[in-house]
Structure formats: structure tokens, C-alpha cells
Amino acid sequence: MKKRKNNFNLIILLISALLITWGCNKKEQPVSTTPHHVTAIKVTPPVQTQQSTANVSVKSSPSHDFTNRKDPFKPFVIAKTQPEIKKTSSRTAQLLPIQSYEVEKFKIAGIIVGLKENRALVIDPSGKGYVVKQGMLIGDNDGRITKITATMIEVLENYRDDNGHSKSRTVKLTLPQKK
């Protein structure tokens, strides 16, 4: 029974392959480019007559005046540009709270002597503490810490006197001695 079924499938496969190849061998006749005879094309008049655009007057659209209208692309809040602050002294810039007091009013609470650089803990007159190192700004006269030793801090202040001459002075803050 199985053999008959296989033979039947084989016969169907051969017949379908034969039909496919027989259909592909059909030769088409070439299309000639020269016309055998030309037929006249009859133009029928249009059902509705076309109006000429020359006779129709075109009315211009009404013009709109947008001068009193709000621009939808402008932001609601306009950022005001602040004038640049010239840094002449620390008093006008108010950069850090440590720069708002005189250098002499700071107290040294402790000094840490390290391998890389020394640091110190200074306390301002309001009681707030700051850890400072060499090169930081301190005081209201543009004071810069130049040296920190085991017992003191040296601050170099550059300021202008009453005549407008620039002067510099060195202020030394010492660590209080233990009792």
C-alpha cells in the first residue's frame, strides 16, 4: 500500500513538472512598433463650459493687522541682564563669609601639620569655623594666606589707603599657648 502511494505521488509530481515546463516554452509574438492603420480620435466637447479666468475678478483676502496682538513665541518671563560686578575688593563682591571680617578678629583653634601641606582651623567672630590652607583668601582686605607653621598663620593683605595708594602688610595670627 505504501509503495502505491509513493508511486502515485511521483506521477503527480512528474505531471506538474511537465505542465510547468510546457507553459514556459510558449513563444510570444513580438510587438511591432509600426502601426498597421491609424484610427481617428474623435474629440467630444465637454459637458460643462469652462469659464475664463480673465473675466473673473479676483478679490484680495482681507488683510490682518497684528500690531496689537501678542507674539506667541516670546517667553512669558524676560530675564533681566545684571550689570557685571567689577571685583575691586572683597567687600563689594561678597564672595565668601570668611572674607567679610577683618583678619585680626579671627582666632586660631588648631593647626594640623601634615606631610603634604599644613592646614588650620580658624574661627570667625560669629563663631563659625573654617579649615584653611596656604593660598586661600581670608579677611576683608583681600588677604591671602602665605604660610602656615606649627604655631602661627601668616596672611598678606593688599589694600588701598586713603590716598588711593596700594599697600601691603603682613598679619600674623598665633595659636594660643596651652596652660
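## Walking through the strands and salt bridges

Trainee: Is Ser-168 buried, partly exposed or exposed?
Mentor: Happy to start there, and please keep in mind that this is a predicted model. Ser-168 has a relative accessible area of 48%. Buried means under 20% and exposed means over 50%, so with its 48% Ser-168 counts as partly exposed.

Trainee: Which residue, 10 places from Ser-168 along the chain, has its C-alpha atom 4.3 Å away?
Mentor: Ser-168 sits in strand 7. Leaving aside neighbours within four places in sequence, its contacts are Leu-156, Glu-157, Asn-158 and Tyr-159. Of these contacts, the one whose C-alpha atom is separated from that of Ser-168 by 4.3 Å is Asn-158.

Trainee: Which strands are at the edges of the open sheet of four strands?
Mentor: The order in this sheet is 4-5-6-7, with antiparallel pairing. Inside it, strand 5 and strand 6 are joined by five bridges, and Arg-144 has Leu-156 in strand 6 as its bridge partner. The edge strands pair on one side only, and they are strand 4 (137-138) and strand 7.

Trainee: Which residue of strand 3 stands opposite Val-122?
Mentor: Strand 2 and strand 3 run antiparallel and are joined by five bridges. They form a hairpin with five residues between them, and Gly-127 in the turn has a positive phi of about 100°. Opposite Val-122, in strand 3, stands Tyr-130.

Trainee: Along strand 3, which side chains point to one face and are buried?
Mentor: In a regular strand the side chains alternate between the two faces of the sheet. Here Gly-129, Val-131 and Lys-133 point to one face and are not buried. Pointing to the other face, and buried, are Tyr-130 and Val-132.

Trainee: How many residues make up the largest nonpolar core?
Mentor: Nonpolar side chains tend to be buried together in soluble globular proteins. In this core, Val-122 and Val-132 are among the residues that touch the most other members, and strands 1, 2, 3, 5, 6 and 7 each supply at least two residues. Val-122 also has Ile-98, Ile-138 and Ile-153 among its contacts. The number of residues in the core is 16.

Trainee: Is Leu-14 buried or exposed?
Mentor: Leu-14 is found in helix 1 (residues 2-24). Together with Leu-10 and Leu-13, Leu-14 forms a nonpolar patch on the surface, with about 320 Å² of accessible area together. Since exposed means over 50%, the 56% relative accessibility of Leu-14 makes it exposed.

Trainee: How many residues apart in sequence are the parts tied together by Arg-169 and Glu-157?
Mentor: The side chains of Arg-169 and Glu-157 meet in a salt bridge, at 2.8 Å from N to O. Arg-169 lies in strand 7 and Glu-157 in strand 6, so the pair ties together parts whose separation in sequence, in residues, is 12.

Trainee: Which residue joins Glu-157 and Arg-169 in one salt-bridge network?
Mentor: Glu-157 is buried, with a relative accessible area of 0%, whereas Arg-169 is partly exposed at 33%. Salt bridges that share partners connect these two with a further residue, Glu-104.

Trainee: What is the N to O distance in the salt bridge of Glu-117 and Arg-119?
Mentor: The structure holds five salt bridges. Glu-117 is partly exposed at 36% relative accessibility, and Arg-119 is partly exposed at 35%. Their side chains meet with an N to O distance of 3.2 Å.

Methods
Residues numbered from 1 in each chain as written. Predicted model: local features only at pLDDT ≥ 70, side-chain atom pairs only at ≥ 80, totals over all residues. Heavy atoms only, no water. Core = buried A, V, L, I, M, F, W, Y, C linked by side-chain atoms within 4.5 Å. Buried < 20%, exposed > 50% of the residue type's maximum accessible area, 1.4 Å probe, protein only. Contact = heavy atoms within 4.5 Å. Patch = residues over 30% accessible without salt bridge, like charges linked within 9 Å, V, L, I, M, F, W, Y side chains within 5 Å. Areas by Shrake-Rupley, 256 points an atom, 1.4 Å probe, with all protein chains shown as cover. Salt bridge = Lys/Arg side-chain N within 4 Å of Asp/Glu carboxyl O. Pairing = 2+ DSSP bridges.
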